[in-house]
Amino acid sequence: MGECDAVGGLLPAWVAGEADLDERARAHVAQCLRCQADVARYRRMLRTLHALRSEPGPAAPPAMADILTDMDGRGRRRWTPGPWAAVALAGVA
């Protein structure tokens, strides 16, 4: 268990390509199922984070334009919504 603790702190940086493991650590990972599972988990998490970075954000609901327009019917916006507006309106809905 001590070897897993020593190697475990190095695994995230190793999986991300930011660090290298020495020969002893690589040999440990090659035969330790717990550390292999950690490596697989870190790789999945890294793939998910990369996928989230490349996906576009959610589209604004069609009713948002109606909510944000002026209530007097002239169709002008009183304010420009910040990035929090969609989250706030979704929470209300």
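Visitor: How many salt bridges does the structure hold?
Guide: It holds 4 salt bridges. Keep in mind that this is a predicted model.

Visitor: What makes E3 and R24 a salt bridge?
Guide: Their side chains come to 3.1 Å, N to O. The cut-off is 4 Å between a Lys or Arg side-chain nitrogen and a carboxyl oxygen of Asp or Glu. The pair therefore qualifies, at 3.1 Å.

Visitor: Which parts of the chain does this pair link?
Guide: Distant ones: E3 sits in helix α1 and R24 in helix α3, 21 residues apart.

Visitor: Why is R24 called exposed?
Guide: R24 has a relative accessible area of 52%. Exposed means over 50%. R24 is therefore exposed.

Visitor: And what class does E3 fall into, and why?
Guide: E3 has 28% relative accessible area. Partly exposed covers the range between under 20% and over 50%. E3 is therefore partly exposed.

Visitor: How do you know that E23 and R26 form a salt bridge?
Guide: The closest N and O atoms are 3.5 Å apart. The limit is 4 Å, so this pair counts as a salt bridge. Both residues lie in helix α3, 3 residues apart, which is about one turn of the helix.

Visitor: Are E23 and R26 buried or exposed, and why?
Guide: E23 reaches 56% relative accessibility and counts as exposed, because the threshold is over 50%. R26 has 35% and is partly exposed.

Visitor: What makes D38 and R41 a salt bridge?
Guide: Their side chains meet at 2.8 Å, N to O. That is within 4 Å, so the pair qualifies. D38 and R41 share helix α4, 3 residues apart, about one turn of the helix.

Visitor: Why is D38 called buried?
Guide: D38 has a relative accessible area of 15%. Buried means under 20%, so D38 is buried. Its partner R41, at 45%, is partly exposed.

Visitor: Which residues are joined into one network by salt bridges that share partners?
Guide: D20, E23 and R26.

Visitor: How many disulfides does a search of the whole structure find?
Guide: It finds 0 disulfides.

Visitor: How do you know that C32 is in no disulfide?
Guide: The nearest cysteine sulfur, that of C4, is 3.4 Å away. A disulfide needs two cysteine sulfur atoms within 2.5 Å. C32 is therefore in no disulfide. C35 follows the argument too: its nearest cysteine sulfur, that of C32, is 3.7 Å away, so C35 is in no disulfide.

Visitor: Why are C32 and C35 called buried?
Guide: C32 has a relative accessible area of 11%, and C35 has 1%. Buried means under 20%. Both are therefore buried.

Visitor: Which residues make up the largest nonpolar core?
Guide: It has 10 residues in all: C4, V7, L11, V15, L21, A25, V29, C32, C35 and V39. The elements giving two or more residues to this core are α1 (2-8), α2 (11-15), α3 (23-31) and α4.

Visitor: What does V15 contact beyond its neighbours in sequence?
Guide: Leaving aside residues within four places, V15 is in contact with V39, Y42, R43 and L46.

Visitor: Why does H28 count as buried?
Guide: H28 shows 12% relative accessibility. The limit is under 20%, so H28 counts as buried. H28 lies in helix α3. Not counting residues up to four places away in sequence, H28 touches E3, C4, V7 and C35.

Visitor: Which residues make the nonpolar surface patch of about 310 Å²?
Guide: M45, L49 and L52. M45 lies in helix α4 (residues 33-54).

Visitor: What makes M45 eligible for a patch?
Guide: M45 has 45% relative accessibility and counts as partly exposed. Patch residues need over 30%, so M45 clears that bar.

Visitor: What is the overall make-up of the chain?
Guide: There are 6 helices and 0 strands. Of its 93 residues, 17% count as buried. The chain exposes about 7,200 Å², and carbon and sulfur atoms supply 60% of it. Among contacts with a separation of 6 or more, 40% come from residues 24 or more positions apart.

Note on methods. Residues are numbered from 1 along each chain as its sequence is written. This is a predicted model: local features need pLDDT of at least 70, side-chain atom pairs count only at pLDDT 80 or more; totals for chains, interfaces and linings use all residues. Side-chain values use heavy atoms; hydrogens and water are left out. Patches are made of residues with over 30% relative accessible area and no salt bridge: like charges are joined within 9 Å, nonpolar side chains (Val, Leu, Ile, Met, Phe, Trp, Tyr) within 5 Å. Accessible areas come from the Shrake-Rupley method with a 1.4 Å probe; for residues, only the protein chains shown count as cover. Helices (H or I, at least four residues) and strands (E, at least two) are DSSP runs, numbered from the N terminus. Buried means under 20% relative accessible area, exposed over 50%, partly exposed in between (1.4 Å probe, protein chains only). Contact means heavy atoms within 4.5 Å. A nonpolar core is a set of buried Ala, Val, Leu, Ile, Met, Phe, Trp, Tyr and Cys residues joined through side-chain atoms within 4.5 Å.
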